[in-house]
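Good morning, colleagues, and thank you for making time for this presentation. I should like to take you through one protein structure, beginning in the middle of a sheet and working outwards.

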Amino acid sequence: MSEKNTIDVLRVESEVFRSARNYFSDQGFVELFPPRIVRASGACENVDTLFEVRVDGDHKWFEPNGIKSQAYLAQTGQLYLEAFVPKYENVYCVGPSFRAEDGVDARHLTEFTMMEIEFAGGFEKLLNHIEGMVSHVAHAIGVRATKLGIAEDHALRLKACPSIFPRITYDRAIEELKEMGEMIQWGDDIDRHREQKLVEHHGNVPLFITHYPDPMVDFGREIEVEKFFNMLPDPERAGRVQSSDLILPIAGESVGSAARVHEVGMLVDRLSRSKMFARLLKRGGSLDDFSWYINRVRDNGAVPHAGCGFGMARILQWILGVSDIRESVTFPQNKEVLI
């Protein structure tokens with residue numbers, strides 16, 4: 001019998017989402033329901049992983065403002081949440097994220113559920129919310145673990161989850177990996193194997209890696225680390241952004257987060273110079289794909305804010321203690337599996 005068959009995965013999923021919603025409700029967040037058929041404003045960093053929506057074979061069936069446009073399955077509700085921060089201050093959403101992942105492995109799915117938050121506040125408060133939600137869920141599942149079929153050693157691990165997670169900057173992470181003998185250079189991406197080496201080095205508990213290189217800065221070399229265009233540059237660390245990835249034992253990178261740019265001039269400048277926008281132009285897109293958000297910020301203003309996306313399948317993978325992400329959800333979807 002497989003590990004998945006001994007665990008009530010459906011019940012664990014239900015309990016995890018209930019606990020997470022309870023946490024944000026208690027923190028004063030309002031749930032929002034963003035669209036899931038979107039323009040490129042519903043993409044993450046790489047528009048080349050978007051699923052295109054066609055109607056009768058027509059990839060420009062949609063006609064916003066009378067102009068034929070491409071549409072996609074959403075990867076994120078981020079900008080839709082950001083648009084409502086000035087009015088509601090704390091908002092979140094829960095929904096599917098669709099990624100055209102070409103490979104089939106133990107780490108990626110083509111459809112998974114994201115929980116995303118945006119709120120009026122800064123980077124430190126953002127990290128606190130991530131710690132708060134993840135530790136709250138861990139403890140809630142830990143005390144119910146036996147009824148859910150989760151092994152005792154995993155239950156003890158969840159109940160022992162700290163409420164404050166260790167933090168290292170990206171720069172420090174690269175130095176630590178070099179000290180461990182890894183052949184890695186500054187600007188390289190940190191893969192799953194290296195993530196786990198860092199996690200083990202810091203006590204095998206959730207670990208923040210913060211302050212990644214700013215993709216808008218010319219470092220004299222191509223950098224692999226790629227982040228969303230509206231991450232806020234850090235005023236005290238030149239060439240770095242106020243961003244963080246939460247690395248979980250077993251599951252790896254599970255929460256991507258950042259303080260956001262809220263001034264419209266900087267927003268448009270960073271978007272137009274981003275790798276994401278260059279890819280979009282090659283696909284026939286334009287700045288008009290983001291016009292609704294840009295116009296909303298220009299017309300209604302914005303406030304300093306921050307947010308993140310919780311990859312719930314990877315959080316479930318960590319909670320269940322399974323090495324394969326396909327064992328962590330009731331309906332795993334990838335390039336080889338379409339239910």
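Let me begin with strands S7 and S8, which run parallel and are joined by 3 bridges. Please keep in mind that what you see is a predicted model. Within this pair, arginine 167 has phenylalanine 208 of S8 as its bridge partner.

Phenylalanine 208 deserves a closer look. The residue sits in strand S8, which covers residues 207-210. Is phenylalanine 208 buried or exposed? Its relative accessibility is 0%, so phenylalanine 208 counts as buried. As for the strand around it, Leu207 and Ile209 point one way, Phe208 and Thr210 point the other way, and all of them are buried. That pattern may be set beside a general rule: in a regular strand, side chains alternate between the two faces of the sheet.

Which residues does phenylalanine 208 touch, once its neighbours within four places in sequence are left aside? They are Leu127, Ile130, Glu131, Phe165, Pro166, Arg167, Ile168, Ser244, Asp245 and Leu246. For a sense of distance, the C-alpha atom of phenylalanine 208 lies 37 Å from that of glycine 284, with 76 residues separating the two along the chain.

One of those contacts, glutamate 131, leads us to a helix. Glutamate 131 belongs to helix H5, residues 123-148. With a relative accessibility of 4%, against a limit of under 20% for burial, glutamate 131 counts as buried. Apart from residues up to four places away in sequence, glutamate 131 is in contact with Ser163, Ile164, Phe165, Arg167 and Phe208.

Let us return to the sheet and move along it. S8 also pairs with S9, here in the antiparallel sense and over 4 bridges. Threonine 210 is found opposite serine 244 of S9 in this pairing. Strand S9, residues 243-248, is in turn joined to S10 by 6 bridges, and the two run antiparallel. Serine 243 faces alanine 258 of S10 across that pair. S9 and S10 make up a hairpin with 3 residues between them, and in the turn isoleucine 250 has a positive phi of about 75°.

How many of the 9 residues of strand S10, residues 252-260, are buried? The number is 7, so S10 is largely enclosed by the rest of the structure. On from there, S10 pairs with S11, again over 6 bridges and in the antiparallel sense. Alanine 259 has alanine 306 of S11 as its bridge partner.

We can now place these strands in the whole sheet. The sheet is open, has 8 strands in the order S1-S5-S6-S11-S10-S9-S8-S7, and shows mixed pairing. Strand S1 (30-31) and strand S7 (167-169) are at the edges; each has a single partner strand, so one side of each lacks a neighbour in the sheet. At the S1 end, 2 bridges connect S1 with strand S5, residues 90-98, and the two run parallel. Glutamate 31 is positioned opposite tyrosine 92 of S5.

Helix H2, residues 9-26, packs on this sheet and touches S1, S5, strand S6 (111-120) and strand S11 (305-311). The direction of H2 makes about 10° with that of S6. The 18 residues of H2 should span 26 Å at 1.5 Å a residue, and the end C-alpha atoms are indeed 26 Å apart, which agrees. Among the buried residues of H2 are Val9, Val12, Val16, Phe17, Tyr23 and Phe24. Just after the helix, glycine 28 adopts a positive phi of about 85°.

There is also an open sheet of 3 strands, in the order S2-S4-S3, with antiparallel pairing. Strand S2 (37-38) and strand S3 (52-53) form its edges, each with a single partner strand, so one side of each is without a neighbour in the sheet. Between S2 and strand S4, residues 71-73, there are 2 bridges, and valine 38 stands opposite tyrosine 72 of S4.

Finally, the protein as a whole. It contains 12 helices and 11 strands. For 339 residues, a compact globule would have a radius of gyration near 20 Å; the protein has 20 Å, which agrees. Its C-alpha trace spans about 60 × 45 × 40 Å along the principal axes. Buried residues account for 52% of the 339. Of the contacts with a separation of 6 or more, 73% are between residues 24 or more positions apart. The accessible surface is about 14,900 Å², and 51% of that belongs to carbon and sulfur atoms.

Definitions and conventions. Residues numbered from 1 in each chain as written. Predicted model: local features only at pLDDT ≥ 70, side-chain atom pairs only at ≥ 80, totals over all residues. Heavy atoms only, no water. Pairing = 2+ DSSP bridges. Contact = heavy atoms within 4.5 Å. Axes fitted to C-alpha atoms, helices over the stretch in contact; angles between N-to-C directions. Rg over C-alpha atoms; globule rule 2.2 N^0.38 Å. Buried < 20%, exposed > 50% of the residue type's maximum accessible area, 1.4 Å probe, protein only. Areas by Shrake-Rupley, 256 points an atom, 1.4 Å probe, with all protein chains shown as cover. Expected span 1.5 Å × (residues − 1).
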